[in-house]
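Please look at how the interior of this model is packed, with attention to enclosed space and to nonpolar cores.

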Amino acid sequence: MIILFALLIVGLLFSFLARFYTERQAKNQLIRDATSIYNVIATEQFSGKILSDSKVRQAIRQNILPELRNLESNFTLISRDYKIIYPRDEEAEIFKNLVLPKIQYKLNPKTKKTIVMKLKINNTENFLAILPSNSNAPIGLRGWFVLYSPVGPVQKLIRSLLFVLAVSLVITAIIAVLAGVLVAGAIAKPIIKLKARAEAISKRKFDGVVEIHTRDELEDLAVAIEKMAVELKEYDLTQKRFFQNASHELKTPLMSIQGYAEGIKDGVFENNEEALEVIAQESSRLKGVVEELIFLSKLESQDGLYVFSETPINKVIEKSIEKLTGIAIKENIKISLTSCDNVYLNIDSDKIIQALINVIGNCLRYAKSEIKIICQNRPDWLEIKINDDGNGFDESEISKLFERFYKGKKGKSGLGLAITRIILEKHGGSINASNASNGGAEFTIKLPRE
């Protein structure tokens, strides 16, 4: 529709310009013919002479009519007293009755300029050029020369041009529509595929790959959709594992609480104190899991939960170590820190302390004798490496360490490292786990410098 509308506008514009140009050319030609007549009459051959009617007609016939370039043009000579000098035939009568009354108001002896106008004569449109003679013209030829030519040939030329234009536009429109259909089909086909793929993904049908090889933005979109499908599939699996693990973590203490409560009710235990102690411990454990879940949910959804400020990272790490010093002494494990002096980061110090406690606490459960914390300045970020001298990770568990409720052999709720990952990502940073060269576990934390 846009192409057809554009062609219509071009056609109308061309029609207007063609009509304007051809009519202007016809008028200019008429003025040139009138000027040629003027030049012939103003020659010395007739200057100052009084010619008879027959002489005038002969002069016009011999000297003026050959100058007319348009053979369909007609020429009339009008005297200053508004009489027809030439020609003396039926054409003169027609001119006298139909034309002269309409142009007489323009015949002013004082006017020295050529006048061009359009006039209908015998139901035929004509262009008229009215040229006044000057004082050098013979007395018998003084007055006005009216040269008029029918508009018909001009209109015929315009119609021919418009016909050629119309045919050209029709052919162009057909080609444009066919090309548009082909291009639209080429664009629509991959879009239909992408739409079907998106609908399948919305129904959690992640398997199946849409392949588009257009080498343009549509191919990039297809790649992005497939990447999204992979991530959504992984997220869906993570959510399923989360609900399974959450139900397991919540079910275990609840079953224990229920069992001991029913035992007390039925009088199974001789000493209810031990049963009540177990119920209290399991309730506390259940409360801890629920609180960590709520905290994790807030960390993910509430950006206002973070309060950022320029903070020396060295003090943040030292506070994290300080909070775990009691456990480290109890387990006879040494925690060493390579200082990060004079490094300030825009962070929420409380959240970063919590993240570091989770990581260092995880290392404390598996370390044999030592945990090392090393800071390294990079151009764009600060890198914190935390490693222990334990047995390290199994290769199969590294990819699951930061999932919710994934627990190692000595893990607790399985939420600590997941909380750490969320906190660091909200800071624009990241955390990765690997096995250190000494065989122990190693966590690498990156925080942006700006």
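Q: How do the residues lining the largest cavity divide into nonpolar, polar and charged?
A: This is a predicted model, in which local features need pLDDT of at least 70 and side-chain atom pairs count only at pLDDT 80 or more, while totals for chains, interfaces and linings use all residues. Residues are numbered from 1 along each chain as its sequence is written, and side-chain values use heavy atoms, with hydrogens and water left out. On a 1 Å grid over the protein atoms alone, a cavity is a set of points where a 1.4 Å probe fits but cannot get out, and lining residues have an atom within 4 Å of a point. The lining of the largest cavity, with Arg 80, Lys 112 and Trp 144 among its residues, divides into three nonpolar, three polar and two charged.

Q: What is the volume of the second largest cavity?
A: A volume is the space filled by probe spheres set on the grid points, which are joined across faces, edges and corners. The second largest cavity is lined by residues including Lys 106, Ile 115 and Ile 130, and its volume is about 40 Å³.

Q: Which helix gives the most to the largest nonpolar core?
A: A nonpolar core joins buried (under 20% relative accessible area, 1.4 Å probe, protein chains only) Ala, Val, Leu, Ile, Met, Phe, Trp, Tyr and Cys residues through side-chain atoms within 4.5 Å. The largest has 47 residues, with Ile 313 and Ile 386 making the most contacts inside it. Helices are DSSP runs (H or I, at least four residues) numbered from the N terminus, and the one giving the most to this core, with nine residues, is H8.

Key:
Buried means under 20% relative accessible area, exposed over 50%, partly exposed in between (1.4 Å probe, protein chains only). Helices (H or I, at least four residues) and strands (E, at least two) are DSSP runs, numbered from the N terminus. On a 1 Å grid over the protein atoms alone, a cavity is a set of points where a 1.4 Å probe fits but cannot get out, and a pocket is an open set with protein on both sides within 12 Å along at least five of seven lines; lining residues have an atom within 4 Å of a point. Ala, Val, Leu, Ile, Met, Phe, Trp, Tyr, Cys and Pro count as nonpolar, Asp, Glu, Lys and Arg as charged, and the others, Gly among them, as polar.
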